[in-house]
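Here is a short briefing to read alongside the model. Have a look at the fold first, then go through the points by topic.

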Amino acid sequence: MNDRRPNVGQLSLPLVDAMRTAPEKFRVKVTADPSGVQIIDAGINVAGGLEAGRQISEICLGGLGRVSFGTNPKFGRWCWQVHVTSSDPVIACLASQYAGWSLSHGEGKDAFHALGSGPARAIGSREPLFDQLNYRLPSGDTVLVLEVDRHPPPEVLAKIVSRCNIQPSQLTLILTPTTSLAGGVQIAARVLEVGMHKVHELKFPLTQIVDGAGSAPIPPPSADFMTAMGRTNDAILFGGQIHLFVDCDDNAAEQLAFELPSSTSRDFGRPFGAIFKACDYDFYKIDPMLFSPANCAVTEINSGRTFFAGDLREDLLEESFENA
């Protein structure tokens, strides 16, 4: 790795230590697996909550982002938002926060499946994305966040440790169920990352991204996984906003803004749960261009011109958040 590029592993460790040393502050539970892996439960057998979700979001960003809560006056009923900024959105979002490490074990209804995000990806994940970013971290103390509702089996822990070439005691896993309040917050806090992922899919040069910010409504939790998953997606699809600052010509900036919003997708217009059901619960049948924020702004830093596209859709957000 280029020494001039930020090390998300090192930058995130103080945030992890804060949760590990003061679990009562975040309403989480810290245990050690028999292998020595440290596990932070943020919503399976404990309450977790908003602050846990906020802290986990900053960990996912590899210490390169700030996450806070505030309001959006454009929304009447769902005005409480999670706000995200990053000093290096390419590394923070794509090399750390993006849930790109697929982990699984077993078969059938008891099989374990999870997507991992956080700094450990840059050590042990074999995603081609890291070759494209030319970014890797050396082995060392690290953390991985899993969106799961149960503890991973020993085989999964061993795989992560082996891939990262570390001792079990050097790994911390944070578990955040989608159905929990903390889980909902940390997914909504991916609004900038979702935008950055679409920027990458659109093949816009990542070297021209200078800075970024985003916000999304805090989705109400649900004990039903499908409902919770739908609400967390819809928070971004219908209520998410991002503002990117780029260094390119105005035409490229305007084109990027035009192509970014979720409304450009053929599947836009219904809550995510309805789309997923219509696609026979197969993610690969959904238009990948759907996954992006509702409202996007792109500012070209040399000309100072800003281009806007997309609209916030509180009516569709209502339909999703009020669905029992």
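**Overall size and make-up**

With 324 residues, the chain would be expected to have a radius of gyration near 20 Å as a compact globule, and its value of 19 Å agrees with that. That radius is taken over C-alpha atoms, and the globule rule is 2.2 Å times the number of residues to the power 0.38. This is a predicted model, in which local features need pLDDT of at least 70, side-chain atom pairs count only at pLDDT 80 or more, and totals for chains, interfaces and linings use all residues. Residues are numbered from 1 along each chain as its sequence is written, and side-chain values use heavy atoms, with hydrogens and water left out.

**Fold and packing**

- The C-alpha trace spans about 55 × 50 × 35 Å along its principal axes.
- The chain holds 13 helices and 12 strands (DSSP runs: H or I of at least four residues for helices, E of at least two for strands).
- Of the 324 residues, 56% are buried (under 20% relative accessible area, 1.4 Å probe, protein chains only).
- Counting contacts (heavy atoms within 4.5 Å) between residues at least 6 apart in sequence, 71% join residues at least 24 apart.

**A hairpin to look at**

- Strands β11 (residues 295-300) and β12 (residues 306-310) pair in the antiparallel sense over five bridges (pairing requires at least two DSSP bridges).
- In this pairing, N295 stands opposite G310 in β12.
- Five residues lie between β11 and β12 in the hairpin, and G304 in the turn has a positive phi of about 80°.

Conventions:
Buried < 20%, exposed > 50% of the residue type's maximum accessible area, 1.4 Å probe, protein only.
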